[in-house]
Amino acid sequence: MTDIVARLLNACNAMRNKGADFPTIWKDVLKGHPYVAGSPIQDSGEDGPMLRIPLITGQVLVFLGSNFSLL
């Protein structure tokens, strides 16, 4: 399971590094992925606004505008 989540995180960051915006990454990578458990949730933290994408593993992909990370 960890490998799949790591590949998903890497795929999202690779697309972002190539200039893709969040709606494109959501449509092309995340929306249909079997490990994504729901729609993005708007939130904010120390670094400002973010989007949280819940995963079936209980982990959360976080998009901070410039990159994705995993919680």
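Modeller: Contact here means heavy atoms within 4.5 Å of each other. Keep in mind too that this is a predicted model.

Biologist: Good, let's try that on a residue. Which residues is Leu70 in contact with, leaving aside its neighbours within four places in sequence?

Modeller: Val5, Leu9, Leu55, Gln59, Val60 and Leu61. Leu70 itself is found in strand S4, and Leu61 stands opposite it. You can also check a separation in space: the C-alpha atoms of Leu70 and Arg52 are 9.4 Å apart, with their positions 18 residues apart along the chain.

Biologist: And is Leu70 buried or exposed, or something in between?

Modeller: In between. Buried means under 20% relative accessible area and exposed means over 50%. Leu70 has 32%, so it counts as partly exposed.

Biologist: Let's zoom out to the sheet. How should I read the strand order?

Modeller: The general idea is that strands of a sheet pair through backbone hydrogen bonds, either parallel or antiparallel. In this case 4 strands make an open sheet, ordered S1-S2-S3-S4, with antiparallel pairing. At the edges sit S1 (41-45) and S4 (68-70), each of which pairs on one side only. On average, neighbouring strands are turned by 35° against each other, ignoring direction.

Biologist: How many bridges join S1 to S2?

Modeller: There are 5, and those two strands run antiparallel. One residue pair to look for is Gln42 with its bridge partner Leu51 in S2. The two strands form a hairpin with 2 residues between them.

Biologist: What about the next hairpin, S2 and S3: how many residues lie between the strands?

Modeller: That one has 5 residues between the strands, and Gly58 takes a positive phi near 95° there. S2 and S3 pair over 4 antiparallel bridges, and Arg52 has Val62 in S3 as its bridge partner. Moving on, S3 (residues 60-63) pairs with S4 over 3 bridges, again in the antiparallel sense.

Biologist: Now the helices. Which strands does helix H1 lie across?

Modeller: H1 (residues 2-17) lies across S3 and S4, running at about 160° to S4. H2 (residues 22-30) packs on the sheet as well, touching S2 (48-54), S3 and S4, and its direction makes about 10° with that of S2.

Biologist: I spotted Asn13 in H1. Why does Asn13 count as buried?

Modeller: Its relative accessibility is 17%, so it counts as buried. Beyond its neighbours within four places in sequence, Asn13 is in contact with Asn67 and Phe68.

Biologist: How do I read the nonpolar core, and how many residues does the largest one have?

Modeller: In soluble globular proteins, nonpolar side chains tend to be buried together. Here the largest nonpolar core has 18 residues, and those with the most contacts inside it are Leu8, Cys12, Phe22, Leu30, Ile53, Leu61 and Phe68. H1, H2, S2 and S3 each supply at least two of its residues, with the largest share, 5 residues, coming from H2. Leu30 makes a nice example: outside its neighbours within four places, its contacts are Leu8, Cys12, Phe22, Ile25, Val36, Ile53, Leu61 and Phe68.

Biologist: Phe22 and Phe68 turn up there. Which residues do ring pairs link into a cluster?

Modeller: Phe22, Trp26, Phe63 and Phe68. The structure has 4 aromatic pairs. Take Phe22 and Trp26: their ring centres are 6.4 Å apart and their planes are at 20°, so the pair is stacked. The two lie in H2, 4 residues apart, about one turn of the helix, and both are buried.

Biologist: Last feature: how many salt bridges are there in the whole structure?

Modeller: Side chains of opposite charge can pair when their charged atoms come close. A search of the whole structure finds 2 salt bridges. In one, Lys27 meets Asp28, with the closest N and O atoms 3.1 Å apart; Lys27 is exposed at 58% relative accessible area, while Asp28 is partly exposed at 45%. In the other, the side chains of Asp43 and Arg52 meet at 2.6 Å, N to O. Asp43, at 33% relative accessibility, is partly exposed, and Arg52 counts as partly exposed at 25%.

Definitions and conventions:
Residues are numbered from 1 along each chain as its sequence is written. This is a predicted model: local features need pLDDT of at least 70, side-chain atom pairs count only at pLDDT 80 or more; totals for chains, interfaces and linings use all residues. Side-chain values use heavy atoms; hydrogens and water are left out. Two strands pair if DSSP finds at least two bridges between them. Axes are lines fitted to C-alpha atoms, for helices over the stretch in contact, and angles run from 0 to 180 degrees between N-to-C directions. Buried means under 20% relative accessible area, exposed over 50%, partly exposed in between (1.4 Å probe, protein chains only). A nonpolar core is a set of buried Ala, Val, Leu, Ile, Met, Phe, Trp, Tyr and Cys residues joined through side-chain atoms within 4.5 Å. Rings of Phe, Tyr and Trp (its six-membered ring) pair if their centres lie within 6.5 Å; planes under 30 degrees apart count as stacked, over 60 as edge-to-face and the rest as tilted. A salt bridge is a side-chain nitrogen of Lys or Arg within 4 Å of a carboxyl oxygen of Asp or Glu.
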